[in-house]
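Trainee: I am new to this structure and would like a close look at a single part of it. Could you pick one residue, start there, and then walk me outward to what lies around and beyond?

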Amino acid sequence: MISLSKMVKGKATVSREITYKSDEHIPKRLKELKRSLRPVVVWNLTARCNLKCVHCYAQANQKDELDTETALKVVEDLNDLAVLVLFSGGEPLLRKDIFDIAEHCKVPKALSTNGTLIDEITAEMLRNANFSYVGVSLDGLKDVHDRFRGVDGAFEKALEGLKNVKSAGILSGVRFTLTKFNCEEVEGVLNLCEDLGVDRFCLYHLVPSGRADFSIDVPNNVRRSVMDYLFERAFEFDGEILTVDNPCDGIYFCLKLKEIDEDLAYKAYEFLKYRGGDKSGKNLANIDPFGNVHPNQFWWDYSCGNVKERSFRDIWFNDPLLNELRGEWRLKGRCGRCAYKNVCGGFRLRALRAGDLWGEDPSCYLKDEEIAKNVFE
């Protein structure tokens, strides 16, 4: 997760409140997290959903979901270990016990939702349950979003949900997954965020998993153009702009900053040493609806263990793949040759989907001459 706004303006909104706790150049809390193995936990409470998204990594199936009693035991572990718990789905608000689970969660918690079920009452319940942040998925304006989500009217309901979150005084954000179906929608959605006073715009690069594969991703020249656009908008956007699941974004933004402000570029690079790179298995974990633990929420074809059988703590500290991801990376191809590999390193699951866990990340859009020499060290 790269906070572009933090890099270009030195400040953030949502990240400051739920992660950094400060607008210092390198916040003390971020340094502590870098040194620790405390994770952000994405917890898919349910695979059930009321939409039919083309890129969904979860299957709409409620069989064998964790019951309330087991979920509450998991919360006890997370209270001692997690930095943040992000409740996701499917659509997490379809879990009738979500507020019971959230009430027992003492660490900061956030909600990732399609927004269609957030009426005024639900928004107040989210506020009363002390959710720090609610991210609503919008993958385009009305027509594109509804096609993307597979249900007519999904956009209007999501928009209403987002407004209710804002009215309840909860930090709000829009989550946008970049694909070939909606790459022309970035400007429109960002403008909408600005009009609504949304606190965060978060662009996810596609990770092939579930219903999504490389065939719906954008080519890297388009990806680079979108990053150019976000870079320009970050200077004027009142909220926070983040990109997720493509660590080379941070390097690219530093290189672009260097062209206009060398001092700011070096500060951004120092920030990237703490915030950059793929955190899967290091400071990021996932619990799926059935209790399986994974290095991230897209890695469901590998299970580190199940919380019905072992504690999350035991799984987190003792899984072979997680420990491998925390060790020395044996990078190959362009990632292996890259002068910024110690700060970036590519997104490992995407490399695995392309054939090799330690191979090059096929979504890196940096040019060979840009990765040949580290201009910041």
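Mentor: Happy to. Let's start at Tyr 365, which sits in the loop between α16 (348-353) and α17 (368-371). Please keep in mind that this is a predicted model. Is Tyr 365 buried or exposed? Its relative accessibility is 6%, so Tyr 365 counts as buried, since the cut-off for buried is under 20%.

What does Tyr 365 touch, leaving aside residues up to four places away in sequence? Its contacts are Asn 220, Arg 223, Arg 224, Met 227, Asn 246, Cys 248, Asp 249 and Tyr 252. You can also look across to Thr 243: along the chain, Thr 243 and Tyr 365 are 122 residues apart, yet 14 Å separates their C-alpha atoms.

Two of these contacts give us paths to follow. Take Asn 246 first, one of the residues that Tyr 365 touches. Look also at Asp 245, in the loop between β8 (240-244) and α11. Asp 245 is not a glycine, but its phi is positive, at about 75°. Most residues other than glycine have a negative phi. Asp 245 counts as buried because its relative accessibility is 10%.

You can set Asp 245 beside another residue with a positive phi. Asn 130, also not a glycine, has a phi of about 65°, and its place is in the loop between α6 (120-128) and β5 (133-137). Asn 130 has a relative accessible area of 56%, so it is exposed.

Now for the second path. Asn 220 is among the contacts of Tyr 365, and helix α10 covers residues 220-234. This helix packs with helix α9 (residues 186-196) at an angle of about 25°, their axes being 11 Å apart. That angle is why α9 is described as roughly parallel to α10. Their crossing is right-handed. On the α9 side you will find Val 186, Glu 187, Leu 190, Asn 191 and Glu 194, and these meet Val 226, Tyr 229, Leu 230 and Arg 233 of α10. Sorted by class, this contact has five nonpolar, one polar and three charged residues.

Leu 230 leads us further inward. The largest nonpolar core has 89 residues, and Leu 230 is listed with Trp 43, Phe 87, Phe 201 and Phe 312 as those with the most contacts inside it. Helix α11 (residues 248-258) supplies the largest share of this core, seven residues. You have met α11 already, as the helix after the loop that holds Asp 245.

Trp 43 is worth a pause too. Among the residues it touches, beyond those up to four places away in sequence, are Leu 66, Ala 71, Val 74, Leu 78, Phe 87, Ser 88, Ile 101, Ile 287 and Asp 288. Apart from this core lies another, of twelve residues, including Val 207, Trp 329, Leu 357 and Trp 358.

One last stop follows from Ser 88, a contact of Trp 43. Just along the chain, the peptide bond from Gly 89 to Gly 90 is cis, with omega near 15°. Most peptide bonds are trans. Gly 90 belongs to the loop between β3 (84-88) and α5 (98-104).

To retrace the route, go back to Tyr 365, buried at 6% relative accessibility, and follow its contact with Asn 220 to the packing of α10 with α9.

Notes
Residues numbered from 1 in each chain as written. Predicted model: local features only at pLDDT ≥ 70, side-chain atom pairs only at ≥ 80, totals over all residues. Heavy atoms only, no water. Axes fitted to C-alpha atoms, helices over the stretch in contact; angles between N-to-C directions. Helix = DSSP H or I, 4+ residues; strand = E, 2+ residues; numbered from the N terminus. Parallel < 35°, antiparallel > 145°, perpendicular 65-115°, else oblique. Left-handed = near helix turned anticlockwise from the far one by under 90°. Contact = heavy atoms within 4.5 Å. Nonpolar A, V, L, I, M, F, W, Y, C, P; charged D, E, K, R; others polar. Core = buried A, V, L, I, M, F, W, Y, C linked by side-chain atoms within 4.5 Å. Buried < 20%, exposed > 50% of the residue type's maximum accessible area, 1.4 Å probe, protein only.
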